[in-house]
Amino acid sequence: MSTLTTEGGPATPGRPSALSSRSPRYGEKAVYAVLRSASLLTILITAGILVALAIPSIEFFQHVPVTDFLFGDRWAPRFADASFGVLPLVTATAWTTVIALSVAVPFGLGAAIFLSEYAHPKLRAVLKPILEILAGIPTVVYGYFALTFVQTTLFREWLQLDTDAFSVLAAGLVMGVMIIPTIASISEDAMSAVPQAMRQGSAALGANRMQTTVRVVFPAALSGIIAAVVLGISRAVGETMIVAIAAGQQARIVEGALEQGQTMTGFIANAALGDSRVGSLEYDTLFAVGLLLFLLTLLINWISIAVVRRFREAY
Amino acid sequence: MNTNPTVDPVIEADNVDVFYGNFRAVTDVSMSFGINEITALIGPSGCGKSTLLRSLNRMNDLVDGARVTGTISFQGEDIYGPDVDAIEVRRRIGMVFQKPNPFPKSIYDNIAYGPRVTGMKPSSMDDLVEEALTKAALWDEVKDKLKQSAFGLSGGQQQRLCIARTIAVKPDVILMDEPCSALDPIATMRIEDLMVELKKDYTIIIVTHNMQQAARVADRTAFFTALADETTGNRTGVLVEYDTTTKIFEDPTDQRTEDYISGRFG
Ligand SMILES: Nc1ncnc2c1ncn2[C@@H]1O[C@H](COP(=O)(O)OP(=O)(O)O)[C@@H](O)[C@H]1O
Ligand SMILES: [Mg+2]
């Protein structure tokens, strides 16, 4: 193809014109093609997931009215008098998520502030990789830690709490610990990226380090910090192994932190292990819950984008 | 060397050395800065002007490994003394940087920032903001957009905003480290006019690369250069000559000063 070669210039055929490129730069074109298909692939996969979730869900909602699903408070998809009220699963997810975030956000942001604003660079160089290793521990390990140590040993034996074999508290707390490194690491990156000139300007006006952190660095890094928290929320909502092991398997409305409960992901994990026949209502139920999970995550992302737009102080 | 003690010094440096770790960036500087005067620090790059300036309000505390020996006193009190709060020092001795560094906040919030963090309780913050912006000759340009981001201002306006922000905490001294080096000639002229205006109320110490600028605005000028340290061989900044600006530019005592200002050096 003549456009890809240096030949065929308009003036003197066979010789490159003065401004034509000296080489065809195949490498650059190849890289461009690879990158573009990578981004297309991402979009395609997301769309594919959505379709895969939507088709069985549509099937599901032909049998179960959407309002019964969203607002019903009894979840018993396998019973003879089956009931598909998803609220029990949603409350369990809400409890574990809120508990996890109340651990992960303060400790994660605290760690980020310490690492970015207070720690000596040498200390930071040691601590940050350690933190990131924590993020790599398999969740099944966290799950059994929650079940055997936190719930059984700590809550039941040592603290003599009024709780049975499982609780959303144990699962939520350990999930929070699991999420700390995610929040800490991403928000630390965002805070470290705030120019040093901002801190100097603040110090030169008589601000102390905490004031500089809270009033200058934090707002300037807000979009990164919110992104970190949103990722933390998404991980908490979507976390499966810890809740499947330690939160319990009974789907009922959760009214206290020491109760057990089955989360949306916990249900999917359990049901997926079972032998639901493809195309059966029970099988479609999985996808309806999956779709709800997907939409909830999407909603959280949208809200966070709105929050960032509203409060960000970009530098 | 003529350290030319001024009539009424507000800051005095006595045998000041400044180190970064083991590296001595500034050696044995003794000089005093007169109240309501503009003092210019000039000299070739790397001779320690910024280093010395930052040690005058303890901004060097923020640099890891930076250390000051000798004494620097402000209104007679050693600013590195055991009971001294570096934060209070910086409130009394403000600083404007080479590159304008407004906060990513509104114009209003940039000015109100210092008063808020230092716990000033003005009867009206609006008035304080207006006063600071007026003194910095910026009020007329921004009075209708106080709520807009400071990042929308031009470089010269941003630098005047930074000066206004410094004025708002009512310091006694304003340190400026090459405040015009990122600005065009017109913006530079406005800042120079502003400095002359401000010296009625403040003491100003300015580092500048621009010798015409020193000649235009400064009452006194100090010329620094970098010498090889006798013991280590490292280059270290020393004060060569300090005198009235007229004397430095018209009749310098030291040959090195004369070479520098006539452009034969650095
Ligand atoms: N933060 C720092 N850490 C280590 N060395 C520094 C630092 N800042 C400046 N220096 C060194 O101190 C010397 C003086 O620098 P500086 O005060 O910036 O000079 P000037 O402002 O006159 O150009 C230079 O050799 C410079 O490399
Ligand atoms: Mg400098």
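Helices here are DSSP runs of at least four residues, numbered from the N terminus. With that in hand, the surroundings of ligand 1 in this predicted model are easy to follow: H1(B) gives the most to the shell around the ligand, with 4 residues. Helix H1, spanning 49-56 of chain B, is joined by strand E2, spanning 23-34, as an element that supplies at least two residues of this shell.

It helps to walk through the shell residue by residue. On the lower-numbered side stand B:Tyr20, B:Phe23 and B:Ala25. A run from B:Ser45 through B:Gly46, B:Cys47, B:Gly48, B:Lys49 and B:Ser50 to B:Thr51 also belongs to the shell, as do B:Arg54 and B:Val63. By character, the shell holds 5 nonpolar, 5 polar and 2 charged residues.

The protein backbone takes part in this site. A backbone N or O atom of B:Gly46 is placed 2.7 Å from an oxygen atom of ligand 1. For B:Cys47, the corresponding distance from a backbone N or O atom to a ligand oxygen is 3.3 Å. At B:Gly48, a polar backbone atom sits 3.1 Å from an oxygen atom of ligand 1. As for cover, ligand 1 on its own exposes 560 Å², and the protein buries 64% of that area.

Attention now turns to the interface of the two chains. Interface size is often expressed as the accessible area that is lost when the parts come together. Between chain B and chain A the buried area is about 1800 Å², with carbon and sulfur atoms giving 65% of it. Three residues deserve a look on the chain B side: B:Pro104, B:Tyr113 and B:Val117 supply 30% of the area that chain B buries against chain A, more than any other three residues. In terms of residues, the contact draws 23 from chain B and 21 from chain A.

What kinds of polar interaction does the rule find across the interface of chain B and chain A? There are 0 salt bridges, while 5 residue pairs are in polar contact, both partners being at pLDDT 80 or more. On the side of chain B that touches chain A, two or more residues come from each of helix H2 (86-92), strand E6 (93-96), helix H3 (107-117) and helix H6 (155-168). Among these, H3(B) provides the largest share, 4 residues. The residues on this side of chain B comprise 12 nonpolar, 5 polar and 6 charged.

Notes: Residues are numbered from 1 along each chain as its sequence is written. Chains are lettered from A and ligands numbered from 1 in the order in which they are written. This is a predicted model: local features need pLDDT of at least 70, side-chain atom pairs count only at pLDDT 80 or more; totals for chains, interfaces and linings use all residues. Side-chain values use heavy atoms; hydrogens and water are left out. A residue is near a molecule or strand if one of its heavy atoms lies within 4 Å of it. A polar contact is a pair of N or O atoms within 3.5 Å; within protein, one must be able to donate a hydrogen and the other to accept it, and residues adjacent in sequence count only if both atoms are side-chain atoms. Accessible areas come from the Shrake-Rupley method with a 1.4 Å probe; for residues, only the protein chains shown count as cover. Ala, Val, Leu, Ile, Met, Phe, Trp, Tyr, Cys and Pro count as nonpolar, Asp, Glu, Lys and Arg as charged, and the others, Gly among them, as polar. Contact means heavy atoms within 4.5 Å. Buried area is the accessible area (1.4 Å probe) that two parts lose on being put together, summed over both. A salt bridge is a side-chain nitrogen of Lys or Arg within 4 Å of a carboxyl oxygen of Asp or Glu.
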